[in-house]
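Dear colleague,

I am passing on the structure we discussed, and below it I have set out what was found in it. Please read the notes with the structure open beside them.

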Amino acid sequence: MITEDQAKEQAAQAGAGPAGAEPPLVSGHAYDGIQEYDNPLPGWWVWTFVVTIVFSALYLPYYHLGEGQLVADEYAQDLALHQELEAKRALESGEVSEQVLAALAADAGTVAKGAAMFQTNCALCHGAGGEGKIGPNLTDGFWIHGGTLLDIHRVIEKGVPEKGMVPWGPQLGAEAVKQLTAFVAGELMGKDRPGPLGPQGDPVGGAAAGVERAGQ
Ligand code: HEC
């Protein structure tokens, strides 16, 4: 058993350098012969730590409970705005290409407009969910007239009158045809909803789509 005084003495010895000028490196606090090393954290470190605690006390309520916007939300908002602007430009350009149609399909506003028109004009034959009725299933991987966005746009615009698919271009206008294509591409394609008709046309997707895209 070491007394407090002995510990202090030992501490002084342990701490003193060869010249004896250095202050002791042990605190003088001992328990069961184990001495405490006197090594406080640097002031700048402690203060940095305190600042992070204060910062978190302000940050957490503001960003997670209050009106502060998290980075992910901000990003999603910016992305939506970007897609909206892209879609607007794509619509106004009058140009029709895979890229323009893909930009429209990525924009929620354009897809929503297409969705409304689909319900009034197309659901009767293609089903409310695009699963097919009189007209073919638009959600499976099979397409009679090709599965690229340009193919779909062309069929909606020009129709297949001899088979009962109306040419919608003259009736609804160029903008509506693009919005409908955006809806078919953005909301129906690939959803694989079971319908009353079996697969019609050729399978598109996987390797076949890859070849088609690469060949464009
Ligand atoms: C009167 C029924 C009818 C209506 C209404 C109709 N379609 Fe069709 N649609 C068809 C039929 C039938 C076909 C298949 C044509 C064929 O066999 O060549 C078809 C084919 C299509 C295809 C091509 C499918 C493929 O496999 O290549 C698309 C895309 C399409 N319709 C979209 C639309 C959209 C969008 C609307 C609404 C603006 C619409 N259709 C309204 C009957 C209809």
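**The hairpin of β1 and β2**

V26 stands opposite Y37 in β2, and this pair belongs to an arrangement in which strand β1 (residues 26-31) and strand β2 (residues 34-37) run antiparallel and are joined by three bridges. Please keep in mind throughout that this is a predicted model. The hairpin has two residues between the strands, and in it D32 takes a positive phi near 55 degrees, a positive value in a residue other than glycine. D32 lies in the loop between β1 and β2, and it counts as exposed because 6 other C-beta atoms lie within 10 Å.

D192 also deserves a look, since it has a positive phi of about 55 degrees although it is not a glycine. This residue is found in the loop between α9 and β4 (202-203), and with 12 C-beta neighbours inside 10 Å it counts as exposed, the cut-off for that class being 12 or fewer.

**The protein as a whole**

The protein has 10 helices and four strands, which follow one another along the sequence in the pattern α-β-β-α-α-α-α-α-β-α-α-α-β-α. Of the 216 residues in the protein, 23% are buried. Among the contacts with a separation of 6 or more, 57% are between residues 24 or more positions apart.

**Helix α4 and its partners**

How do α4 and α7 pack, in terms of the angle and the distance between their axes? Helix α4 (residues 98-105) and helix α7 (residues 149-158) pack at an angle of about 85 degrees, with their axes 9 Å apart, which makes α4 roughly perpendicular to α7. On the α4 side the contact is made by E98, L101 and A102, which meet L149, L150 and H153 in α7, and by class the residues of this contact divide into four nonpolar, one polar and one charged.

Helix α4 also packs with α9, here at an angle of about 70 degrees and with the axes 8 Å apart; these two helices are therefore roughly perpendicular to each other, given that angles of 65 to 115 degrees fall in that class. L101, L104 and A105 in α4 meet K178, T181, A182, A185 and G186 in α9, a contact with five nonpolar, two polar and one charged residues. L101 thus appears in the contact with α7 and again in the contact with α9.

Is L104, in helix α4, buried or exposed? L104 is buried, because 30 other C-beta atoms lie within 10 Å, where 20 or more are required. Leaving aside residues up to four places away in sequence, L104 touches A87, A90, L91, T110, K178 and A182. L104 and L85 are 19 residues apart in sequence, while in space they are 9.9 Å apart, C-alpha to C-alpha.

**Around the ligand**

Which of the 26 residues around the ligand come nearest? They are C122, C125, G135, K163 and M165. The elements that give two or more residues to this shell are α5 (108-121), α6 (123-126), α7 and α9 (174-188), so named here that you can find them in the model. By class, the shell around the ligand has 18 nonpolar, seven polar and one charged residues. Helices α7 and α9 therefore contribute to the shell and also pack with α4, as described above.

With best regards

Definitions and conventions. Residues numbered from 1 in each chain as written. Predicted model: local features only at pLDDT ≥ 70, side-chain atom pairs only at ≥ 80, totals over all residues. Axes fitted to C-alpha atoms, helices over the stretch in contact; angles between N-to-C directions. Parallel < 35°, antiparallel > 145°, perpendicular 65-115°, else oblique. Contact = placed C-beta atoms within 7 Å. Nonpolar A, V, L, I, M, F, W, Y, C, P; charged D, E, K, R; others polar. Pairing = 2+ DSSP bridges. Near = placed C-beta within 6 Å.
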